[in-house]
Amino acid sequence: MSATNEMSGEVYYPSAEIIANAHIPDYDAVHQAATDDLAGFWDKIARENFEWAEPWHTTLDESDPPFYKWFVGAKTNIVHNALDRHVKTATRNKAALIFEGEPGDSKVYTYQQLNYEVCKFASVLRAQGVRKGDRVTIYMGRIPELMIAMLACAKVGAMHSVVYGGFSTEALLGRIEDSASKVLITCDGAWLRGKVIELKEIANAAVERSETIQSVICVKRIGHDVEMVPDRDYWYHDLMALPIADPNAPTEVMDAEDPLFILYTSGTTGRPKAILHTHGGYMVGTATTLKWVFDIKPEDIWWCAADPGWITGHSYIVYSPLVLGATSFMYEGAPTHPYPDRWWSLIAKYGITILYTAPTAIRGLMRFGETWPQRHDLSSLRLLGSVGEPINPEAWKWYHRVIGNESCPIMDTWWQTETGNFMITPLPSVPLKPGSATRGFPGVQVDVVDEEGNPVGVNEEGFLVIKRPWPAMLRTLFGDPERYVAQYWSRYAEQGWYLPGDSAKKDEDGYIWVIGRIDDVIKVSGYRLGTAEIESALVSHPAVAEAAVIGVPDELRGNVIKAYCILRDGFEPSEQLERELRDHVGVEMGPIAKPSAVAIVDSLPKTRSGKIMRRVLRAQTLGQDVGDLSTLAD
Ligand code: PRX
C-alpha cells in the first residue's frame, strides 16, 4: 500500500491485487444496491448462505419501531449453521479451533470434534434442567470449553450470559441475579501472566449470595484445589463422562427472532444493560460482515485476539467464523508472557493470516520496540484489524509498517455490543485513512448530526446516528424494553434513528472519524465501564459517603479512571486509605475497573437536582474550560 494525496489527508490505497481478490471489489456499487433495497439485499444474502428449517415470510418487519424484526417466520438455530451442517460435508475434518494455552499447551478441534463436545455438553445441560429460554451464566478464562459452553447453550435454546473473567464478585453476582440464571459454568482458574486468577473462588463468593443458581459446573483448567460444594458443584469432566452426555444430541429448532444470548454492557446510568441478540439476524449479520471485511477464504487462519467474554469474542471468535466454516485461533493468556514477543511467535508458529486486535494492545506492544516482532516471520499475515476505540495514527502506522510489512490493509471496525456486528468499517478494497473507520458497511446508513438531527458541516463534531435497522441489531434490553427505547431511540424518535452514544466528525470524503463517548461510559484499554458501577463499588466501602469517577486520557490505555470520594464522618484522608479504596474496587468489580488515582475531597460539583456533574470534574482535572455552570448548585 502507498500513501498518496488524491483524497484529502493521508490516504493508503489498496493494491490492484488486493482489490481483485476481495469478496467485494467495488464498495460503492454494493453499498448503493443495499441502500436502494435494504430488505432485498439482506434477503438474498440470507437465502444463499445459510440453512433454514423454514423460510421467512417477511425479511424486515418495521411495523412496531424500534422493535424491528428480521426474517420473520423463519426457523433455524445458529448452531445448526455453525456446526451441524459442516459435519455433513468435508469441512468436518477442517480445524475449527486452534488453541494455545499460556503455559504453551496446544489443542486443535476439528469441526467434527467440536460438534462432538458441544453435543455432549448440550445433553449435560439438558440433564441439569436447562431448557429453551432459560439463562445460563458463563464465567471462565479464554479456553475452548468457554466456546463449547456457549455453543451448547445455543444448541438447547438457552440464552448464555457470559461474564468477562476479569470481573469480580459484585459484577458477577449482579449479572447472575439480573438474568435469573439457573446454572453457572466456570473453571477452577485461569492463567494470566504466569499467575492463576481464582475464578472458582470468586464464583463461590457470588453463588453463596445468589438466589437463582441451582448448580455450578466447573472445568478443570489449572488442576489446583478449589472448594466444591456438594450437591451444587459438579466437575465438567465428570458430567461429560456420564452416559447422558450424548454425542448425537439434537439441536433445538428456534425462531429466527428467538433470543440467542444476553450480554451485559455498561450504560449511562445505573446498572448494566442486558443486550439481547437473536439466532437469525445476528447469524446473518456477523457472518456476512466477517466474510466481507476480513475477506475470509478457506485457507485463512483467523485470529481475533479479543476475549470471548466481550461482544467481539461472541461475534468474531465464536459464532461467525464457525458459521463461515473458517479456522479460528485462540490464545489464553497475556501478549507479553513470558516475553513481549509471544503474539508474534504465535503468528509465525501457526501461520496466522489475519490478526484482529485493539489499539490498546498495539500501543502496549509498540512500547517494547521493533526488535521483538522482527525476530519472527510474520509474512503469513495479509490483513490486520482494530476495534474498541479510535486508533491513534501513530499506532496505526506502526501496526501497518512493523507488523503488516506495509502490505496488509488495516480494517478499523467501529461497532458496539448493541450493534452485534461491524457498522463503520472499510473493506479490503477501500482506501484507508489512519484513524478513521471510513464508511458504513453496505446497507448501514450512518451520519453525523446536531441536536436537532441536521447534518453538521464537514469536519464538525456531532452525534453519530444510524438511520436504518440492520439484521444483527439488538432487539431489546432483556427485561427492560422501556429502557431500550429510552436509551437508543428517544433522542431522534421523530426520525426513527438509532443513537449509539458516540461523537464523531465526517470529512470531505465522507469518512467518519469517531471521537468518543458522549455519556458516562469510560473506555479503559478498550473495555467499556460505566461510572455508576464503579461509583457504587466505592460507596460500598465503609469509609466512603459519596463518589464520582471520570475518565482521564492515557497514552497506553486510552483512558484511566480517576475517582473522587467524600468520606463518612469519623474517617480521615490518608494515602493508605486511597490505596485501600483502589484495591476495594479491584476486589468488587475486577482489576480492569481499578482507579489509577483516588482523590479525597470535601464536595463534588452537582446540579441543583443533585446529579454529579462529571463534565465539570473532568474539565477541572484536565485544566480545561469548565464551560456552562448555570445548572451548578454551588
Ligand atoms: O465508543 C465506541 C467504541 O466502543 C464503543 C462500544 O463498546 P463495546 O460495546 O464494548 O464494543 C466494543 C467492541 C465492538 C463504541 O460506542 N469503539 C468501538 N470500536 C471503535 C470505537 N471507537 C472508535 N473506533 C473504533 N473502531
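Me: In this predicted model, what lies 2.6 Å from a polar side-chain atom of Arg528?

Reply: A polar contact is a pair of N or O atoms within 3.5 Å. Here the partner of the Arg528 side-chain atom is an oxygen atom of the ligand, at 2.6 Å. Thr417 also places a polar side-chain atom 2.5 Å from a ligand oxygen, and for Lys523 the distance from a side-chain N or O atom to an oxygen of the ligand is 2.8 Å.

Me: How much of the ligand does the protein bury?

Reply: The protein buries 96% of the 550 Å² that the ligand exposes when taken alone. Helix H11, strand E22 (410–413) and strand E27 (512–517) each give two or more residues to the shell around the ligand. By class, that shell has six nonpolar, five polar and six charged residues. Among its 17 residues, Asp412, Thr413, Thr417, Arg517 and Arg528 come nearest.

Me: Why is helix H11 described as largely enclosed by the rest of the structure?

Reply: Buried means under 20% relative accessible area. In H11 (residues 311–323), 13 of the 13 residues are buried, so the helix is largely enclosed by the rest of the structure. Just after H11, Gly325 has a positive phi of about 70°.

Me: Which helix gives the most to the lining of the second largest pocket?

Reply: That helix is H3, with six residues. H3 (38–49) and H10 (280–293) each supply at least two lining residues. The pocket has a volume of about 450 Å³. Of the 23 residues that line this pocket, His23, Asn49, Lys291, Trp292 and Leu324 are closest to its centre. The lining divides into 11 nonpolar, six polar and six charged residues.

Methods. Residues numbered from 1 in each chain as written. Predicted model: local features only at pLDDT ≥ 70, side-chain atom pairs only at ≥ 80, totals over all residues. Heavy atoms only, no water. Buried < 20%, exposed > 50% of the residue type's maximum accessible area, 1.4 Å probe, protein only. Helix = DSSP H or I, 4+ residues; strand = E, 2+ residues; numbered from the N terminus. 1 Å grid on protein atoms, 1.4 Å probe; cavity = no way out; pocket = protein on both sides within 12 Å on 5 of 7 lines; lining within 4 Å. Points joined across faces, edges and corners; volume = space filled by probe spheres on them. Nonpolar A, V, L, I, M, F, W, Y, C, P; charged D, E, K, R; others polar. Near = heavy atom within 4 Å. Polar contact = N/O pair within 3.5 Å; in protein donor to acceptor, adjacent residues only side chain to side chain. Areas by Shrake-Rupley, 256 points an atom, 1.4 Å probe, with all protein chains shown as cover.
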